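Colleague: Got a few minutes to walk me through this one? I have some questions about who touches whom.

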Amino acid sequence: MVGFNRVCKPFVCRGKQELWRDPTSLISVLSQAQGLLQSDVIHFPLHQVYAAWVETQSQEVERWIGKRPTFALKKLLASEVTRNIVIDVLKGMTIVNRDSKPLVLSLGSPQKWLQWMSEIVRPGEDPSISHDDVDSASMYLADYLRTYSTTGISAIVLEEAVHPPIGLAEAIELYQPILNLAGHYQWSVGLSLTGESNQWTGINEHVDFTLFGESTIPPCFHIGNKGRQLAEG
């Protein structure tokens with residue numbers, strides 16, 4: 001896997017957030033990283049694009065202060081600018097990906113998105129996230145992900161929050177709209193989890209693979225069995 005963040009910092013980015021707003025530069029950096037590392041999977045982290053957008057849209061974000069995290073998430077995902085950046089990068093990588101390596105889009109789980117939105121709209125407060133909030137966020141994200149149905153991605157990875165308010169055995173049921181969408185488009189689905197692998201039970205039948213610690217994404221064309229676990233790195 002091309003660990004984009006890991007390659008980006010020492011390779012060319014030098015912490016420049018403007019990179020994440022420039023599809024041409026992103027494609028160039030990711031292509032160079034793939035050429036250097038020759039990884040089996042090309043991975044693109046969605047969060048970085050949205051973090052860069054939030055940094056530059058302070059006036060818009062200020063309007064969200066005091067609102068519910070679900071409200072802010074819906075507004076954030078509605079940004080056509082960020083969607084188009086991601087679409088351009090994914091389609092661009094599909095074109096330059098001469099070896100047809102699987103292209104993977106990683107994004108926060110519904111709980112992780114809501115925790116981030118809580119930090120923005122209610123700074124200094126402990127996040128208050130309910131089952132209904134997670135259910136709504138899952139539907140928003142599933143609808144959002146339809147945008148990428150023609151970009152050539154092979155899989156999505158949901159990165160779970162470090163301290164999720166709802167246990168994963170319950171939360172995975174609330175994530176079903178995303179899982180259903182992935183199944184419709186024949187995308188493999190992975191979960192990236194923190195902590196020891198034996199802490200997480202009851203999820204294997206819902207996903208194609210799980211990642212723990214510093215483990216990397218397996219080649220998607222080899223993923224066939226639900227619940228494949230990767231050892232901690």
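Colleague: Let's start with Leu174: which helix is it in, and is it buried or exposed?

Modeller: Bear in mind that this is a predicted model. Leu174 lies in helix 9, which covers residues 168–174. The cut-off for buried is under 20% relative accessible area. Leu174 comes in at 16%, so the residue counts as buried.

Colleague: And which residues is Leu174 in contact with, leaving aside its neighbours within four places in sequence?

Modeller: Val134 is a good place to begin, since it sits 40 residues away along the chain from Leu174, yet their C-alpha atoms are separated by 6.6 Å. Beyond the neighbours within four places in sequence, the contacts of Leu174 are His131, Val134, Asp135, Ser138 and Ile166.

Colleague: Val134 also turns up in a helix contact, right? How are helix 7 and helix 8 oriented to each other?

Modeller: On the helix 8 side, Val134 is joined by Asp133, Ala137, Ser138 and Leu141, and they meet Pro110, Gln111, Trp113 and Leu114 of helix 7. By class, that contact has 6 nonpolar, 2 polar and 1 charged residues. The axes are 9 Å apart and the packing angle is about 105 degrees. An angle of 65 to 115 degrees counts as roughly perpendicular, so helix 7 and helix 8 are roughly perpendicular.

Colleague: Helix 7 packs against helix 5 as well. How many charged residues does that contact have?

Modeller: Helix 5 (residues 69–77) packs on helix 7 at about 105 degrees, with 8 Å between the axes, so this pair is also roughly perpendicular. Helix 5 brings Pro69, Thr70, Ala72, Leu73, Leu76 and Leu77, while helix 7 brings Trp113, Leu114, Trp116, Met117, Ser118 and Val121. By class, the contact of helix 5 with helix 7 has 10 nonpolar residues, 2 polar ones and, for charged residues, none.

Colleague: What about Gln115 in helix 7: buried or exposed?

Modeller: Gln115 sits in helix 7. Setting aside neighbours within four places in sequence, Gln115 is in contact with Ile129, Ala161, His163, Pro164 and Pro165. Its relative accessible area is 18%, so Gln115 is buried.

Colleague: I see some aromatic rings around there. What kind of aromatic pair do Tyr50 and Trp113 form?

Modeller: The count of aromatic pairs comes to 7. In the one formed by Tyr50 and Trp113, the ring centres are 5.7 Å apart and the planes are at 80 degrees, which makes the pair edge-to-face.

Colleague: How many residues apart are Tyr50 and Trp113, and which residues are in the cluster that ring pairs link?

Modeller: Tyr50 belongs to helix 3 (residues 46–56) and Trp113 to helix 7 (residues 110–121), so the pair links distant parts of the chain, 63 residues apart. Tyr50 and Trp113 are both buried. Ring pairs link a cluster made up of Tyr50, Trp113, Trp116, Tyr144 and Tyr148.

Colleague: How many residues of helix 3 are buried?

Modeller: The buried residues in helix 3 are Leu46, Gln48, Val49, Tyr50, Ala51, Ala52, Trp53 and Val54. Helix 3 is largely enclosed by the rest of the structure, because its buried residues number 8 of the 11.

Colleague: Which residue's ring does the charged end of Lys67 sit over?

Modeller: The charged end of Lys67 is 5.5 Å from the centre of that ring. A charge counts as sitting over a ring when it is within 6 Å of the centre and within 35 degrees of the ring normal. The ring in question belongs to Phe71.

Colleague: Over to strand 2. What is the relative accessible area of Ser106?

Modeller: Ser106 is found in strand 2, residues 103–108. Apart from neighbours within four places in sequence, Ser106 is in contact with His43, Phe44, Pro45, Leu46, His47, Val157 and Glu159. Ser106 is buried, because its relative accessible area is 2%.

Colleague: One last stop, Gln186: buried or exposed?

Modeller: Gln186 is in the loop between helix 10 (176–184) and strand 4 (188–193). Its phi is near 60 degrees, a positive value in a residue other than glycine. With a relative accessibility of 73%, against a cut-off of over 50%, Gln186 counts as exposed.

Conventions
Residues are numbered from 1 along each chain as its sequence is written. This is a predicted model: local features need pLDDT of at least 70, side-chain atom pairs count only at pLDDT 80 or more; totals for chains, interfaces and linings use all residues. Side-chain values use heavy atoms; hydrogens and water are left out. Rings of Phe, Tyr and Trp (its six-membered ring) pair if their centres lie within 6.5 Å; planes under 30 degrees apart count as stacked, over 60 as edge-to-face and the rest as tilted. Helices (H or I, at least four residues) and strands (E, at least two) are DSSP runs, numbered from the N terminus. Buried means under 20% relative accessible area, exposed over 50%, partly exposed in between (1.4 Å probe, protein chains only). Axes are lines fitted to C-alpha atoms, for helices over the stretch in contact, and angles run from 0 to 180 degrees between N-to-C directions. Angles under 35 degrees count as roughly parallel, over 145 as roughly antiparallel, 65 to 115 as roughly perpendicular and the rest as oblique. Contact means heavy atoms within 4.5 Å. Ala, Val, Leu, Ile, Met, Phe, Trp, Tyr, Cys and Pro count as nonpolar, Asp, Glu, Lys and Arg as charged, and the others, Gly among them, as polar.
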